[in-house]
Amino acid sequence: MTAPLRIGNREARRLWLWTNGLSGTPVGPVDVMGMIRALGFVQIDTIRNVTRAHHHILWSRNQNYREKMLWPLLRQREIFEHFTHDASLIPMDVLPMWQRQFRRLGEKAARHDWYQSGLGQEQIASIRERIAAEGALSTHAFETKAESREMWARPPHKKALDQMWYSGELATCHRENFVKFYDLGERVFPAQLREGPGEAESALWLCDAALDRLSVGTTGEVQRFWEAMDAGEAKSWAEARQPVPVEVQGADGSWRAAWGAPDIEERLARAPGATSRLRILNPFDPAIRDRVRLERLFGFAYRNEMFVPKDKRLWGYYVYPLLEGDRFVGRCELKADRAAGWLRVTGFWPERGVKWGPARVEKLEAELARFARLAGIREIHWDVARPG
């Protein structure tokens, strides 16, 4: 057996940031589809703090990106919306391999108690017929209301729309002010892409695509990238493909076995060191989505506390990690009012052992100004003491 390729911690950080499009200075011509294809997908989120997560993720990779650049791609059928680990925008060329995910999630949703206790089949059929006759409709086109926002408390028509959306029978046609409009899948998905290979071949393709976008990863990390297969399928992929065995050093000096992309040695040689620019990353950024891997590689413990009761939070409601070069140097909490034109720094926490002198503070101020411009904001205020 070939001895595993050993990747030291600094090399692993450099490779990871490059793989995630966070190495170079984020300027130049904007290729939104290129960024989405390189990442595999972009998670979308309803919360708009300064800007919504999907816009922030793309902006972090090219700061010439603007919010108006994304949604036309959905109307143009360059991307489609579906569920990976969460609601995401996925390149349309992945659609043939995604048929298995439509089947998996559609069947899972149909078995769930919230759907079983919802509308009858005749009523579900009537919702579909209405969309077929009238064209794309949002959930607001139906009149029932939920008493709360929990999944199980959603109105029956919303459960029916979700179930048909998960199965691919319905698809997101477009969004208006972030409101999702449903249309028949056959009218949204290109005909030539609606048929895919069998389950096993699709699973192999998705695992290959996941490792390509991870550069290195364990079998579990490959499985969880798309969340479109079970552990057994990912294990079968590893046995069939025999990826390059590697060992990756963590921030604490420990080593962990993983798999490398087929060209892993070339990637290590090609990946540049990260720019010294300080970046404000979104909590949903793919580079930090796996909190366990984040802490293992960078020694940076982070959790999303938006849904944690206020008195139990360690940091704050919407807290952004601060990346400088190849290390995380702190975190800040921001609030914004786009109509009033202001952004406020409501919390700041330097990472232990990181000194915040004038040069680093200046970098943060510059990044805050750039981030504010994305949201059309001019005024920046500190509600807490500036570092340094």
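**Figure 1. Overview of the predicted chain.** The chain contains 15 helices and 15 strands. The model shown here is predicted. Its C-alpha trace extends over about 65 × 60 × 40 Å along the principal axes. For a compact globule of 388 residues, a radius of gyration near 21 Å would be expected, and the value of 22 Å for this chain agrees with that expectation. Buried residues make up 51% of the 388 residues. Of the contacts between residues at least 6 apart in sequence, 64% join residues at least 24 apart.

**Figure 2. The surface and charges of the chain.** The accessible surface amounts to about 18300 Å². Carbon and sulfur atoms account for 50% of this area. The chain carries 58 positive and 51 negative charges. The mean positions of these two sets of charges lie 5 Å apart.

**Figure 3. Helix 1 around W18.** This view shows W18, a residue of helix 1, which covers residues 9-19. W18 counts as partly exposed because its relative accessibility is 23%, and the buried class requires a value under 20%. Contacts of W18, leaving aside residues up to four places away in sequence, are made with S23, R267, R270, A271 and P272. The view also includes L268, which is 250 residues from W18 along the chain. The C-alpha atoms of W18 and L268 are nevertheless separated by 9.7 Å.

**Figure 4. Helix 10 around L206.** L206 belongs to helix 10, which runs through residues 199-214. With a relative accessible area of 0%, L206 is buried. When residues up to four places away in sequence are not counted, L206 touches V94, M97, W98, R100, W226, A228 and M229. One of these partners, W226, is among the buried residues of helix 11. V222 is another buried residue of helix 11. L206 and V222 are 16 residues apart along the chain, and their C-alpha atoms are separated by 8.8 Å.

**Figure 5. Two buried cysteines.** C207 is buried, with a relative accessible area of 0%. C332 is also buried, and its relative accessible area is 1%. A disulfide is a covalent bond between the sulfur atoms of two cysteines. The structure holds zero disulfides.

**Figure 6. Helix 11 and the residue that follows.** Helix 11 spans residues 219-226, and its buried residues are E221, V222, Q223, F225 and W226. E227 comes after this helix. The place of E227 is in the loop that leads from helix 11 to helix 12, the latter covering residues 231-241. Although E227 is not a glycine, its phi is positive, at about 55°. E227 is partly exposed because its relative accessible area of 31% falls between the limits of 20% and 50%.

**Figure 7. The loop after helix 12.** Q242 is located in the loop between helix 12 and strand 9, a strand formed by residues 244-249. The phi of Q242 is near 50°, which is a positive value in a residue other than glycine. Q242 is exposed because its relative accessible area is 60%, and the exposed class begins over 50%.

How values were computed. Residues are numbered from 1 along each chain as its sequence is written. This is a predicted model: local features need pLDDT of at least 70, side-chain atom pairs count only at pLDDT 80 or more; totals for chains, interfaces and linings use all residues. Side-chain values use heavy atoms; hydrogens and water are left out. Buried means under 20% relative accessible area, exposed over 50%, partly exposed in between (1.4 Å probe, protein chains only). Helices (H or I, at least four residues) and strands (E, at least two) are DSSP runs, numbered from the N terminus. The radius of gyration is taken over C-alpha atoms; the globule rule is 2.2 Å times the number of residues to the power 0.38. Contact means heavy atoms within 4.5 Å. Accessible areas come from the Shrake-Rupley method with a 1.4 Å probe; for residues, only the protein chains shown count as cover. Lys and Arg count as positive and Asp and Glu as negative; His and the chain ends are not counted. The place of a charge is taken as NZ of Lys, CZ of Arg, CG of Asp or CD of Glu. A disulfide is a pair of cysteine sulfur atoms within 2.5 Å.
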